[in-house]
Amino acid sequence: MLSRRILYTLLTTTFLFIMNSCGVKYGFTGGSIPEGMKTVNIQYFENIAPLVYPTLSQNFTEALKERIRNQSRLSQVNQDGDATFEGFITDYTISPAAVEAGTDRAAMNRLTITIKVSYHNKINPKDDFEQPFTRFKEFAGNLQSAQEESLGKEVIQMLTEDIYNKAFANW
């Protein structure tokens with residue numbers, strides 16, 4: 001009886017040890033930042049969209065800096081970073097997304113922002129990319145300035161997530 005209990009305890013302990021030592025660890029901070037990459041330079045993203053929202057450039061640039069600061073171990077520098085983000089805000093539009101039945105008025109509208117990003121990686125140049133990122137958020141009725149600010153922040157958060165994932169999470 002005692003040997004059966006010892007055997008059971010030994011097998012359980014062995015099984016738990018094996019299960020604990022096997023597997024892959026996943027994390028959502030840091031992504032797959034190359035070993036040796038320590039610094040990042042984020043240039044100001046100028047707004048060249050036909051429709052200009054005054055604070056969009058500043059809001060987007062700061063949001064990208066904040067995302068990288070919060071989700072990576074990289075230090076931000078003003079020049080000569082191991083990685084560099086630069087680009088332009090190429091589109092900012094408010095357009096109808098759905099028409100109200102029986103009228104020609106928009107029941108739903110869409111705020112769309114497009115950012116053209118160039119990413120340069122001195123550690124792994126094969127990871128460099130230049131591409132546009134577009135995201136949108138739909139809303140009901142006419143856009144009020146407070147609502148525009150809130151929707152803009154939501155769209156910017158989605159854009160910075162996409163850009164971060166493309167650069168560091170290989171998504």
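Trainee: Which strand does N41 lie in?

Mentor: We're looking at a predicted model, where local features need pLDDT of at least 70, side-chain atom pairs count only at pLDDT 80 or more, and totals for chains, interfaces and linings use all residues. Residues are numbered from 1 along each chain as its sequence is written, and side-chain values use heavy atoms, leaving out hydrogens and water. Strands are DSSP E runs of at least two residues and helices are H or I runs of at least four, numbered from the N terminus. On that footing, N41 lies in β1.

Trainee: Does N41 count as buried or exposed?

Mentor: Go by relative accessible area with a 1.4 Å probe and protein chains only: under 20% is buried, over 50% is exposed, and in between is partly exposed. N41 has 5% relative accessibility, so it counts as buried.

Trainee: Which side chain makes a polar contact with that of N41?

Mentor: A polar contact is a pair of N or O atoms within 3.5 Å; within protein, one must be able to donate a hydrogen and the other to accept it, and residues adjacent in sequence count only if both atoms are side-chain atoms. At 3.2 Å, the partner of N41 is Q43.

Trainee: And which residues does N41 touch, not counting those up to four places away in sequence?

Mentor: Contact means heavy atoms within 4.5 Å. With that cut-off, N41 touches V77, N78, Q79, D80, G81, A83, T84 and F85.

Trainee: What about the largest nonpolar core: which element gives the largest share of it?

Mentor: Such a core is a set of buried Ala, Val, Leu, Ile, Met, Phe, Trp, Tyr and Cys residues joined through side-chain atoms within 4.5 Å. This one has 33 residues, with F60, I68, F85 and F168 touching the most other members. β1, α2, β4, β5, β6 and α3 each supply at least two residues. The largest share, 8 residues, comes from α3.

Trainee: Leaving aside neighbours within four places in sequence, which residues is I68 in contact with?

Mentor: I68 is among the core residues that touch the most other members. Its contacts include Y164 and F168. The full set is V40, I42, L74, Q76, F85, Y164 and F168.

Trainee: Within what arc do the buried residues of α2 fall?

Mentor: The buried ones are L56, S57, F60, T61, A63, L64, R67 and I68. They line one face of the helix, because seen down its axis they fall within an arc, taken from the directions from the axis to the C-beta atoms, of 160 degrees.
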